[in-house]
Amino acid sequence: MTTVHELATPAGPDDPDLAALLDAEHEVLADVWGHHDFVQTARERWGQLSDDRDDRLITLVVRDGRDVLGYAQLEVPTRGNEHLLYVDLAVRPGHRRHGLGSALWDATLDVARREGRGTVFAGIDQRTEPVDGPGTLAPATGSGRVDGDQPGVRFAAGRGLGLEQVDRYSVLHVPLAPEVLAAHHEGAAAVADADYQVVTWVDRCPDEWVDGLAVLEQAMGTDAPLGGLDLREEPWDAARVRRMEQRRATSGQRTLTAGAVHRATGTLAAFTQLVLGSRPDFGWQHDTLVRADHRGHRLGMLVKAANLAQLAEQAPRIRRVGTWNAEENAHMLAINVALGFAPSGGSSSWQRRL
Ligand SMILES: CC(C)(COP(=O)(O)OP(=O)(O)OC[C@H]1O[C@@H](n2cnc3c(N)ncnc32)[C@H](O)[C@@H]1OP(=O)(O)O)[C@@H](O)C(=O)NCCC(=O)NCCS
């Protein structure tokens with residue numbers, strides 16, 4: 001019989017259980033993706049684990065001695081979305097089809113019930129997104145496809161999870177030629193420039209924008225298309241922004257932000273963030289949002305072009321930037337495609353109500 005253990009919260013980045021978990025995770029990621037851009041170091045993961053005031057992380061494992069053969073990493077939101085639990089569940093490639101995944105899933109449901117969570121979300125990565133055709137599945141949005149024969153898809157469907165959304169993963173090779181970047185910037189600035197001023201910062205948001213940034217972060221949770229996912233607005237304030245900054249600092253991550261300030265009112269109307277972790281040549285294009293009452297002024301392109309210019313200055317060794325977008329998020333995808341982001345796989349989001 002397979003035994004599932006709950007790992008104690010690591011004592012620090014050097015915790016041997018954390019190292020064993022990351023070994024398993026790295027093998028799973030290499031198997032799905034064939035590259036190492038998503039690999040996190042123990043220090044990066046420790047930063048996320050070091051403060052549970054917004055999300056608690058619970059890790060379930062099946063072990064052989066110290067080795068982790070399979071894991072379910074559960075994220076339990078504690079500030080909003082308290083009906084939810086996210087699970088990242090995987091088994092090392094050499095240990096599949098022996099019931100480990102099922103045992104981890106059953107233990108996940110036990111934790112969900114214990115925590116009073118009525119909805120479970122799971123994600124499944126895919127190295128390439130299939131074109132529409134026999135054997136593919138689509139969510140109700142009609143956007144994006146998954147291969148119905150993929151082991152993760154069969155596993156999820158067999159456990160009563162429903163396909164709700166497909167995300168595209170895209171990669172941009174950087175630095176862009178300065179004249180290309182300037183053309184993107186000028187095209188957007190020609191529409192926006194008289195009314196908006198671009199501001200940039202590294203890591204800590206200046207005090208004058210932090211309340212505005214909290215408003216944008218709060219909108220970020222529900223303004224992007226959600227497919228059929230039961231995600232609800234979470235409360236954000238300046239203190240929550242500061243906690244996120246502190247977690248990233250503990251992780252050793254750097255954050256580059258570009259914003260657009262509406263000159264007439266002083267409102268932070270848009271922002272975008274690049275997050276740089278331990279990979280020397282890879283970074284993440286993170287959140288981008290334009291406030292609903294400031295859309296239609298090319299602010300999305302304006303802040304993204306400004307931040308890519310900031311990236312070239314601040315982190316010239318970065319060669320690839322990766323980003324995730326819902327396949328139905330036509331406006332954001334249009335900006336990314338115009339910048340040169342190319343499809344490079346994706347993931348699907350699944351939901352089950354208990
Ligand atoms: C999906 C995954 C977790 C399954 O782990 P596992 O230990 O092989 O799962 P189990 O042995 O408990 O299999 C449970 C059922 O899933 C289905 N399944 C799993 N792998 C399958 C495959 N390759 N082909 C067809 N069905 C498969 C079967 O119905 C299986 O039952 P069966 O073995 O009695 O036929 C594993 O393939 C994996 O880690 N994939 C990458 C990460 C991922 O996709 N996670 C999904 C999160 S929802």
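This report looks at how the two domains of this predicted model meet.

## The two domains

The chain splits into domain 1, covering 5-170, and domain 2, covering 175-318. Going by C-alpha atoms, their centres sit 27 Å apart. As for who takes part in the contact, domain 1 puts in 28 residues and domain 2 puts in 23 residues.

## How much surface is buried

The size of an interface is often quoted as the accessible area that is lost when the parts come together. Here domain 1 and domain 2 bury about 2,200 Å² between them, and carbon and sulfur atoms account for 50% of that.

Which three residues supply the most of the area that domain 1 buries against domain 2? They are Glu44, Asp54 and Arg79, and they supply 22% of it, more than any other three residues.

## Salt bridges and polar contacts

Four salt bridges turn up across the interface of domain 1 and domain 2. Arg243 and Asp54 form a salt bridge, with 2.8 Å between the closest N and O atoms. Asp54 is also one of the three residues just named for buried area.

If you're tallying polar contacts, there are 14 residue pairs between the two domains, counting pairs with both residues at pLDDT 80 or more.

## The domain 1 side

On the side of domain 1 that touches domain 2, at least two residues each come from α2 (42-49), β4 (84-91), β5 (119-126) and β8 (162-173). The top contributor is α2, which gives five residues.

Sorted by class, this side of domain 1 has 12 polar residues, along with eight nonpolar and eight charged ones.

Key
Residues are numbered from 1 along each chain as its sequence is written. This is a predicted model: local features need pLDDT of at least 70, side-chain atom pairs count only at pLDDT 80 or more; totals for chains, interfaces and linings use all residues. Side-chain values use heavy atoms; hydrogens and water are left out. Domain bounds come from an automatic or database domain assignment. Contact means heavy atoms within 4.5 Å. Buried area is the accessible area (1.4 Å probe) that two parts lose on being put together, summed over both. A salt bridge is a side-chain nitrogen of Lys or Arg within 4 Å of a carboxyl oxygen of Asp or Glu. A polar contact is a pair of N or O atoms within 3.5 Å; within protein, one must be able to donate a hydrogen and the other to accept it, and residues adjacent in sequence count only if both atoms are side-chain atoms. Helices (H or I, at least four residues) and strands (E, at least two) are DSSP runs, numbered from the N terminus. Ala, Val, Leu, Ile, Met, Phe, Trp, Tyr, Cys and Pro count as nonpolar, Asp, Glu, Lys and Arg as charged, and the others, Gly among them, as polar.
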